[in-house]
Amino acid sequence: MGVNFYIRRQSSTGIPEPIDRTEWSEIVANDPDLEFATNDKSDDAPLDAFWTAHPDADRGSFFEWDEVDGAIWGQHSDQPELQKLALIAEALDAKLCSEYGDEMTVDYSGGQVIERKQDQQTQRSFLRRLLGL
């Protein structure tokens, strides 16, 4: 069982700012290595996308835009997929996080995406702001 990774955007106060349908559509349409999973162009069509440039051609790399919370996610992502997700997050001025809330950053010296744990003080401060404490 693997970990899911999400691209999310938040305001400086920690409130989620959804990535909208148009933004994700433009990313996919303008990236030659991303293809929509469906040819349906209707306004309510799913906006799932295949990443066609994964180094392992047999691996089905699939990214999904979640219209409920405006996040983009990859399931059980490996290092090349994390690198692609990190580039997409950068293009959207967003953050790449694990399903546990840990932010992922790119180690540009080694080209790896690494986990940067949230410190407990940051988590506590966010909860205090959220609860008005």
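These legends describe close-up views of aromatic rings in a predicted model.

**View 1. Phe 50 and Phe 62 form a tilted aromatic pair.** A search of the whole structure finds 3 aromatic pairs. In the pair of Phe 50 and Phe 62, the ring centres are 5.3 Å apart and the planes meet at 55°. The two residues come from distant parts of the chain. Phe 50 sits in strand β3, residues 49-51. Phe 62 sits in strand β4, residues 61-66. They are 12 residues apart. Phe 50 has 37% relative accessibility, so it counts as partly exposed. Phe 62 has 32% and also counts as partly exposed.

**View 2. Trp 51 and Phe 63 form a stacked pair.** A pair of aromatic rings is described by two things: the distance of the centres and the angle of the planes. Here the centres of Trp 51 and Phe 63 lie 6.5 Å apart. Their planes are at 20°, and planes under 30 degrees apart count as stacked. Trp 51 belongs to strand β3 and Phe 63 to strand β4, so this pair ties together parts 12 residues apart in sequence.

**View 3. Trp 51 and Phe 63 are shown for their burial.** Are these rings' residues, Trp 51 and Phe 63, buried or exposed? Trp 51 is buried, at 10% relative accessibility. Phe 63 is buried as well, at 0%. The cut-off for buried is under 20%.

**View 4. Arg 8 lies over the face of Tyr 6.** This view turns to a charge and a ring. Arg 8 is placed 4.7 Å from the ring centre of Tyr 6.

Methods:
Residues numbered from 1 in each chain as written. Predicted model: local features only at pLDDT ≥ 70, side-chain atom pairs only at ≥ 80, totals over all residues. Heavy atoms only, no water. Phe/Tyr/Trp six-rings, centres within 6.5 Å; stacked < 30°, edge-to-face > 60°. Helix = DSSP H or I, 4+ residues; strand = E, 2+ residues; numbered from the N terminus. Buried < 20%, exposed > 50% of the residue type's maximum accessible area, 1.4 Å probe, protein only. Lys NZ or Arg CZ within 6 Å of the ring centre and 35° of its normal.
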